[in-house]
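These are my notebook entries on one structure. I set down what I looked up, entry by entry, with the cut-offs used.

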Amino acid sequence: MDEKHVILDAWRKKVEGIQSDPPIDYKTVFNETVRNIGDVKYSLLDIGTGAGRVIFENNLNKLYRKVVGIDIRPEMIELCKESSKGMKNVEFFVMDATKQMTFKPGSFDVVSAMFPPFNPSEINRVLSPGGYFILLSSLKGDHKEVVKYFPELERFSSGNYSFTTLKALSRNLRNSGFKIVATTAMKYKWIFRDEEVLKRWYEKVAFRRIFDGSEEKLASLRRNIDGKITITRFLCTTVARKH
Ligand SMILES: C[S@@+](CC[C@H](N)C(=O)[O-])C[C@H]1O[C@@H](n2cnc3c(N)ncnc32)[C@H](O)[C@@H]1O
């Protein structure tokens, strides 16, 4: 199977065998915010849209006047185009969110970003005055048990994405012309049924085979008494507004 099909196959497959403790859905605050800010007058840009989860799971085409999704991977954009057939106000483009985007200044009222690499000044540029940036990101300490053995996992999927502290993230946004409206940080545990599930999950989000040939390191991960593996999650939903 070529790389494109490995990625698409992974995205279509649900990874079973992961439990949260406490059993919370890390996307809830982010999704509710994206929906609640929605207005039929507003346009929204979802960066690093992947399979378009943010757009499709929240029916954003019904809540916003116009919805645009971008991703650096052409195969993800193809998948999104398939899923959006018949939706008149939704468009997808292959684009790098870390470079200058081809949108005019002030093109969007809301920019959403669920775990993508991003350039805050560029997001600020494409937002209208008072526009919202809604971000779900990993904080330093997220996946710490795995990152200890596989430091390259701090650079998920591509480019410049690495975990930051809440303080540094807020400073970065403020320095790029944003006012922080709300932050909701959450820390919890993910319990993987076994090594195989853990491998599948990380390779799905990292878009590549990362554990091949490193079984020894993987075996060093601490097991619970029942053989399960516990991983720390530390995430934050940030809502920022353009000045
Ligand atoms: C962890 S996935 C998240 C996907 C989606 N937001 C979700 O939560 O389901 C990160 C996405 O960002 C995309 N990506 C990585 N680098 C990018 C870049 N420089 N510009 C735009 N998208 C990028 C990847 O292709 C991937 O689809």
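**Entry 1. Overall build**

I counted the secondary structure of the protein chain and obtained ten helices and eight strands. The radius of gyration of the protein chain is 18 Å, close to the 18 Å that the globule rule gives for 243 residues, so the chain is as compact as a globular protein of that length. That radius is taken over C-alpha atoms, and the globule rule is 2.2 Å times the number of residues to the power 0.38. The model is a predicted one, in which local features need pLDDT of at least 70 and side-chain atom pairs count only at pLDDT 80 or more, while totals for chains, interfaces and linings use all residues. Residues are numbered from 1 along each chain as its sequence is written. Helices (H or I, at least four residues) and strands (E, at least two) are DSSP runs, numbered from the N terminus.

I then looked up the extent of the chain: along the principal axes, its C-alpha atoms fill a box of roughly 55 × 40 × 30 Å. Of the 243 residues, 29% count as buried. Buried means that 20 or more other C-beta atoms lie within 10 Å of the residue's own; exposed means 12 or fewer, and partly exposed lies in between, with C-beta atoms placed from the backbone. Among contacts between residues at least 6 apart in sequence, 66% join residues at least 24 apart. A contact requires C-beta atoms, placed from the backbone, within 7 Å.

**Entry 2. Strand β3 and its partners**

Which strands pair with β3 in the parallel sense? I found β2 (residues 43-47), over five bridges, and β4 (residues 90-94), also joined to β3 by five bridges. Strands pair if DSSP finds at least two bridges between them. On the β2 side, I47 stands opposite I70 in β3; on the β4 side, D71 stands opposite V94. Five of the six residues of β3 are buried, so this strand is largely enclosed by the rest of the structure.

I also noted the connection: β3, helix α5 (residues 74-83) and β4 make a right-handed β-α-β unit. Right-handed here means that, with the strands pointing away from the viewer, the path from the first strand over the helix to the second runs clockwise.

Just before this strand, R65 is found in the loop between α4 and β3. R65 counts as partly exposed because it has 14 C-beta neighbours inside 10 Å. Leaving aside neighbours within four places in sequence, I found R65 in contact with V40, K41, Y42, S43 and N89. R65 and V90 are 25 residues apart in sequence and 9.1 Å apart in space, C-alpha to C-alpha.

**Entry 3. Antiparallel strands and helix α2**

β1 and β7 (residues 178-192) run antiparallel and are joined by four bridges, with D21 opposite K189. β7 also pairs with β8 in the antiparallel sense, over 14 bridges; V239 in β8 is the bridge partner of A182.

At D21 I found a cis peptide bond to P22, with omega about 0°. P22 lies in the loop between β1 (18-21) and α2 (28-37). In α2, I recorded V29, F30, N31, T33 and V34 as buried. The buried residues of α2 pack against α3, α4, β5 (108-114), β6, β7 and β8.

**Entry 4. The ligand shell**

Which residues come nearest to the ligand? Of the 23 residues around the ligand, they are G48, G50, R53, A97 and M114. A residue is near a molecule if its C-beta atom, placed from the backbone, lies within 6 Å of it. α3 (53-57) and β3 (66-71) each supply at least two residues of the shell.

The shell divides into twelve nonpolar, seven polar and four charged residues. Ala, Val, Leu, Ile, Met, Phe, Trp, Tyr, Cys and Pro count as nonpolar, Asp, Glu, Lys and Arg as charged, and the others, Gly among them, as polar.

**Entry 5. Loop residues**

I looked up two positive phi values outside glycine. N59, in the loop between α3 and α4 (60-63), has phi near 45°. H143, in the loop between β6 (127-138) and α7 (144-149), has phi of about 60°. Are these residues buried or exposed? N59 counts as partly exposed because it has 13 C-beta neighbours inside 10 Å, whereas H143 has 20 and therefore counts as buried.

Finally, G227 lies in the loop between α10 (215-219) and β8 (229-242). With 9 C-beta neighbours inside 10 Å, G227 counts as exposed. G227 and P129 are 98 residues apart in sequence and 52 Å apart in space, C-alpha to C-alpha.

Conventions:
Contact = placed C-beta atoms within 7 Å.
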